[in-house]
Amino acid sequence: MTSEPTIGDVFGEMIRDAYAVATGVGPRPMAGGRLPRPVIEIIERDDGLVNGAPAGHYLDPPERWQPHDHRAVDRVHGHVLDVGVGAGRIALRLQERGVPVTGLDTSLGALRVSRHRGVRELVHATVDEHVADGRRYDTFLLLGNNLGLFEGRERAPALLAALAALARPGARVIAHGTDPYGTTDPVHTAYHEANRRRGRLGGQLRLRLRYRLLGTEWFDYLVCSPDEFAELVHGSPWRLTDVDTTDHPYYLATLALRR
């Protein structure tokens with residue numbers, strides 16, 4: 001016996017089960033009887049903090065979205081790349097509006113759910129890998145807090161360059177982030193300080209996801225202030241043109257490709 005999880009497609013298995021619970025499609029995880037149990041995403045931080053959240057929100061229809069999701073979708077133009085498409089909630093809405101959209105994800109399980117729900121164009125790859133496919137886009141969406149995919153100072157330049165390589169002239173990136181510094185919770189403020197002592201951004205999280213018997217490898221995920229994000233973008237092929245903080249601490253950061 002071991003206390004360590006098996007490395008696998010945590011997100012895909014979790015989304016598959018959440019979809020089964022919501023729709024009855026596919027085998028449902030049972031709570032020791034006939035009732036399906038709630039599907040909970042477990043997030044483990046490298047200081048030992050463990051949080052759990054219901055996974056059903058990845059399937060939410062537009063009437064359950066946060067206001068910033070609606071504002072982001074209203075800002076798209078041209079062909080959209082939905083980075084981290086997940087269960088396809090954003091891509092499906094864009095399709096309904098007649099917007100050409102491609103969903104990209106590293107989770108095969110999530111892509112299967114997206115396809116079953118009706119997302120027509122899907123790619124299994126990272127942003128960097130997708131560059132080799134020769135596709136070009138007008139809008140890149142990183143919603144669902146996916147500004148976190150910038151990871152930190154080390155990863156951000158490569159991701160910004162890869163997005164630029166996929167961009168048509170006049171392209172934009174619209175990313176949803178969260179400012180982590182409004183909290184007074186010592187569990188979080190101590191983590192911010194420990195990060196800074198290590199030369200990391202305060203909200204640069206080191207995480208792994210858990211679901212049932214599976215876990216991911218440890219990875220970095222960035223929660224940063226708009227000012228910190230502006231510093232990461234500086235000197236890249238992109239310029240930060242707008243930060244929408246209407247729903248503080250959540251914000252939408254819009255980048256425009258430099259001419």
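The paragraphs below go through a helix near the start of numbering, then a set of paired strands, in a predicted model. Residues are numbered from 1 along each chain as its sequence is written, and side-chain values use heavy atoms, without hydrogens or water. Because the model is predicted, local features need pLDDT of at least 70 and side-chain atom pairs count only at pLDDT 80 or more, while totals for chains, interfaces and linings use all residues.

Helix 1 covers residues 10-23 (helices are DSSP runs of H or I with at least four residues, strands runs of E with at least two, numbered from the N terminus). The expected span is 1.5 Å times one less than the number of residues, so the 14 residues of helix 1 should span 20 Å, and the 20 Å between its end C-alpha atoms agrees. Its buried residues (under 20% relative accessible area, 1.4 Å probe, protein chains only) include Phe 11, Met 14, Ile 15 and Tyr 19. Among the elements covering them (contact means heavy atoms within 4.5 Å) are strand 2 (40-45) and helix 4 (108-117). Just after helix 1, Gly 24 has a positive phi of about 80 degrees.

Strand 8 (residues 167-178) pairs with two strands described here (pairing takes at least two DSSP bridges). With strand 7 (residues 137-142) it runs parallel, joined by 5 bridges; Leu 142 is bridged to Ala 175 of strand 8. With strand 13 (residues 250-257) the pairing is antiparallel, over 7 bridges, and His 176 has Leu 252 as its partner.

The UniProt annotation "domain: Methyltransferase", from an unreviewed entry, covers residues 80-170. Over that range the chain is 35% helix and 24% strand.

Notes
UniProt positions renumbered as here; feature names shortened; annotations may be inferred. Buried < 20%, exposed > 50% of the residue type's maximum accessible area, 1.4 Å probe, protein only.
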